[in-house]
Amino acid sequence: MERQIDNLLHGAQFKQLMEDRIAQIREQYGLRKVDVEILYYLSKCGDRNTSKDIKNDTKITKGHISQSVDRLQKMDLLTFVPDENDRRCVHLRLTRKAEQVSRDITGVWNELSSIVFEGVTEEEARVLASVASKIARNIDRALSGQIGH
């Protein structure tokens with residue numbers, strides 16, 4: 001059981017599966033892995049669409065976000081929209097050109113979810129989500145210095 005938990009926590013198998021499945025999309029649209037992650041995030045995030053939101057919600061580094069956002073904007077997949085109330089804040093919005101890319105990425109993500117959760121009951125999925133939430137919270141607390149000194 002310990003090996004299975006290590007595999008789950010490190011995510012190496014899932015990362016390999018994801019990279020295998022998104023390779024075609026990356027090649028087709030000339031995207032990097034981080035670009036795909038950001039496009040997927042922005043397609044699902046609602047109003048949490050600033051670079052800071054991406055950093056906080058995905059743990060992608062600020063530098064990678066900045067480079068990817070610039071690249072996606074140059075590819076006309078992303079546009080910058082100033083906040084109406086705070087001129088320091090810029091919202092990131094997908095363009096019409098990004099709609100098909102986003103649908104393709106979402107299709108792959110849905111396929112991955114189907115593969116990963118095949119044979120998992122709703123109750124098992126709820127327990128896993130609860131445990132994963134607690135683990136993530138513990139990791140965040142350790143990273144912020146609240147536990148584990």
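This is a short tour of one predicted model, with a list of things to select in your viewer and what you will find at each stop.

**Before you start: colour by confidence**

Colour the chain by pLDDT. The mean over the chain is 90, and 95% of the residues reach 70 or more. Where is confidence lowest, and where is it highest? The lowest mean, 69, belongs to helix α1 (residues 2–10), while helix α5 (residues 62–74) has the highest, at 96. Where pLDDT is low, the predicted coordinates should not be read in detail.

**Stop 1: the aromatic cluster**

Select Phe 14, Tyr 40 and Trp 109, and show their side chains. These three residues form one aromatic cluster. A pair of aromatic rings is described by the distance of the centres and the angle of the planes. How many aromatic pairs does the count come to? The answer is two.

Begin with Phe 14 and Trp 109. Their ring centres are 5.8 Å apart and their planes sit at 85°, so this pair is edge-to-face. Now zoom out a little: Phe 14 lies in helix α2 and Trp 109 in helix α6 (residues 98–116), so the pair ties together parts that are 95 residues apart in sequence. Both residues are partly exposed, Phe 14 with a relative accessible area of 31% and Trp 109 with 29%.

Next, turn to Tyr 40 and Trp 109. This aromatic pair is tilted, with 5.2 Å from centre to centre and 40° between the planes. Here too, distant parts of the chain are linked: Tyr 40 sits in helix α3 (residues 33–44) and Trp 109 in helix α6, 69 residues apart.

**Stop 2: a nonpolar patch**

Keep Phe 14 selected and switch on the surface. Which residues form a nonpolar patch there? Add Leu 8, Ile 115, Val 116, Phe 117, Val 120 and Leu 128: with Phe 14, they make up the patch, and together they have about 540 Å² of accessible area. To get your bearings, remember that Phe 14 is in helix α2, which covers residues 12–29.

**Stop 3: salt bridges**

Hide the surface and bring back the side chains. Side chains of opposite charge can pair when their charged atoms come close. How many salt bridges does a search of the whole structure find? It finds nine. Here are some to visit.

Select Glu 19 and Lys 33. They form a salt bridge, and their closest N and O atoms are 3.5 Å apart. Glu 19 is in helix α2 and Lys 33 in helix α3, 14 residues apart, and the pair links these distant parts of the chain. Glu 19 is partly exposed at 32% relative accessible area, and Lys 33 is partly exposed at 27%.

Now go to Arg 48 and Asp 57. In this salt bridge the closest N and O atoms are 2.9 Å apart. Arg 48 is partly exposed, with 39% relative accessible area, and Asp 57 is also partly exposed, at 39%. Add Asp 53 to your selection: Arg 48, Asp 53 and Asp 57 are linked in a network of salt bridges.

Stay on Asp 53 for a moment. This residue is in helix α4. Is Asp 53 buried or exposed? Its relative accessible area is 13%, under the 20% cut-off, so Asp 53 is buried. Its side chain also makes a polar contact with the side chain of Thr 50, at 3.0 Å.

For another salt bridge, pick Arg 126 and Glu 122, whose closest N and O atoms are 3.8 Å apart. The two residues are four apart in helix α7, so they are separated by about one helical turn. Helix α7 covers residues 122–143. Glu 122 counts as exposed at 62% relative accessibility, whereas Arg 126 counts as partly exposed at 48%.

While Glu 122 is selected, try a distance to Thr 58: the two are 25 Å apart in space, C-alpha to C-alpha, and 64 residues apart in sequence.

**Stop 4: two positive phi angles**

Finish with the backbone, and select Lys 59. Its phi is near 70°, a positive value in a residue other than glycine. You will find Lys 59 in the loop between α4 (51–58) and α5, and at 56% relative accessibility this lysine counts as exposed.

Then select Asp 76. Asp 76 is not a glycine either, yet its phi is positive, about 60°. Asp 76 is in the loop between α5 and β1 (78–82), and counts as partly exposed at 43% relative accessibility.

Conventions. Residues numbered from 1 in each chain as written. Predicted model: local features only at pLDDT ≥ 70, side-chain atom pairs only at ≥ 80, totals over all residues. Heavy atoms only, no water. pLDDT = per-residue confidence, 0-100. Patch = residues over 30% accessible without salt bridge, like charges linked within 9 Å, V, L, I, M, F, W, Y side chains within 5 Å. Areas by Shrake-Rupley, 256 points an atom, 1.4 Å probe, with all protein chains shown as cover. Salt bridge = Lys/Arg side-chain N within 4 Å of Asp/Glu carboxyl O. Phe/Tyr/Trp six-rings, centres within 6.5 Å; stacked < 30°, edge-to-face > 60°. Buried < 20%, exposed > 50% of the residue type's maximum accessible area, 1.4 Å probe, protein only. Polar contact = N/O pair within 3.5 Å; in protein donor to acceptor, adjacent residues only side chain to side chain.
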